[in-house]
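Here is a short report on one protein and the ligand it holds. Look at the fold first, then at the ligand shell, then at one small sheet.

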Amino acid sequence: MSNQIVVTGAAGWIGGHVCRVLRRLGWDVVGVSRSPEVAREKHPDRPWIGIGSELETAVQHAGRVLDLAGRNAFEQPWTSDFVEALRSSRIDPTVRIVDALARTRVRDPVLITASGYPACGDGGDRELADDAPARHELVLGSIDAEREDAALRAADRIRVAVMRIGLVLGPDGGAFPALRRPFDAGRGVVLGSGRQWVPWIHLLDVVALLTEVLADPGYRGVVNAVAPQPARHVDLARALGEVLGVSWQHHVPAARVARTWGGASELLLHSHRLVPARALELGFAFAQPDLGGAVKDIVAG
Ligand SMILES: NC(=O)c1ccc[n+]([C@@H]2O[C@H](COP(=O)([O-])OP(=O)(O)OC[C@H]3O[C@@H](n4cnc5c(N)ncnc54)[C@H](OP(=O)(O)O)[C@@H]3O)[C@@H](O)[C@H]2O)c1
C-alpha cells in the first residue's frame, strides 16, 4: 500500500510542522504550494507540486490528503477583495480535492480538512462540542462553514475529518507573537471585556492531533482541535502577564481592538467555548492541556 499523502498549505506554519512529523512517522509527503520552487528551497526534503492540474493528479494517486490551505487572516486589512481571497483560498482547493478523491482507486482514502473555531459563530458561555452546528454568522466563520460543507460532501464515499482548529499558540507563528507584543513592552492588555472564551491549543498538540486523526479511522466528521481546559481571554492575559512578569489588567475596549486589528478582530473578540469531546473520547493525550503551562512552555521557546 502506498504511503503517500498530499498536504496543501505544507509550506505554512502548521503545515511545515506537521509535514516534519509525518515524514518522521514514515509518510511520503507531497507538499502543495502556489510557489513550489520557493517551497522546495525552504524544504528540500520533500517533493513539491503547484496548484495547477497536478493537484488533482497527485490527490487521485495518493488518495490521502491533509488540506491546510488558506490565506492568513492576519495578513492584511479585510477589504472585500481580501475577504474573497480568504474564501477562495479555502474553498477552491477543498472542492477540487473532493472531486479528485471521487476518482481515486486507493483503498481507504481519507480527507482531513482545516476549518476553524469561528465556524460555530459566537456561542457566548455555551459549551460547543464537535457536534455543534456550523453557523454562517461571522465573516471567517461563514467561510469555514462553507469549507466544512464542501469537505463533508465526500463523507458518504470516503473518511472525512473536518478539524475545527482553535487559536493555535506557538512561538514561531500564528497570533501568539502579536498577542505577547504589548506584554513584552511592559504593559499587558486584556482585549475587550476579557470574558470571551478563547479556544486555544498548543502547536504541538494540534500537530499531534492531526497525525492521530490520520492514523485512527475512528475520527470522522467534525473534530474540535482545542485544548481540554477552555479559557477566557482574561485567563490568557493573566497567563502571559504572570509568565513574563508584567502587569496584565489594562482593558482595551472592543471598538479599539477592532480599529487596530480590523476584520481579524472577529477572531479575538467573539466567544467560542469549544471542547474536544471527540478527541478525549478516542483517548487523545494532550501534551499541554493547561493554558498557564502552555504559555510558559512557548515563552521558554
Ligand atoms: N493558525 C491558527 O491559529 C489557525 C486557527 C484555526 C484554523 N487555522 C487553519 O489552519 C490552516 C493552516 O493555518 P496556518 O496557521 O498554518 O496558516 P499559514 O501559515 O498562513 O499557511 C497557510 C498556507 O496556505 C497556502 N495557501 C494560501 N493561499 C492558497 C491558495 N489560494 N491555494 C493553495 N494554497 C494556499 C499558503 O502556502 P503557499 O504560500 O506555499 O501557497 C500558506 O502557507 C488554514 O486553513 C487556517 O485557516 C489556523
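Of the 301 residues in the protein, 48% are buried. Keep in mind that this is a predicted model. The protein has 12 helices and 16 strands. Its C-alpha trace spans about 55 × 40 × 35 Å along the principal axes. A compact globule with 301 residues would have a radius of gyration near 19 Å, and the protein agrees because its own value is 19 Å. Many contacts reach far along the chain. Take those between residues at least 6 apart in sequence: 77% of them join residues at least 24 apart.

Now turn to the ligand. It is surrounded by 27 residues. Gly12, Ser33, Arg34, Ala69 and Gly70 are the closest. The shell divides into 12 nonpolar, 12 polar and three charged residues. Several helices and strands each supply at least two residues of this shell. They are listed here.

| Element | Residues |
|---|---|
| α1 | 13-24 |
| α4 | 80-101 |
| β5 | 110-116 |
| β8 | 167-170 |
| β9 | 173-174 |

Two of these strands, β8 and β9, also belong to an open sheet of three strands. The order is β9-β8-β12, and the pairing is mixed. β9 and β12 (200-202) stand at the edges with a single partner strand each, so one side of each has no neighbour in the sheet. Strands of a sheet pair through backbone hydrogen bonds, either parallel or antiparallel. Which sense do β8 and β12 use? β8 and β12 pair in the parallel sense, over three bridges. Val168 stands opposite Ile201 in β12.

Key
Residues numbered from 1 in each chain as written. Predicted model: local features only at pLDDT ≥ 70, side-chain atom pairs only at ≥ 80, totals over all residues. Near = placed C-beta within 6 Å. Helix = DSSP H or I, 4+ residues; strand = E, 2+ residues; numbered from the N terminus. Nonpolar A, V, L, I, M, F, W, Y, C, P; charged D, E, K, R; others polar. Rg over C-alpha atoms; globule rule 2.2 N^0.38 Å. Buried ≥ 20, exposed ≤ 12 C-beta atoms within 10 Å, placed from the backbone. Contact = placed C-beta atoms within 7 Å. Pairing = 2+ DSSP bridges.
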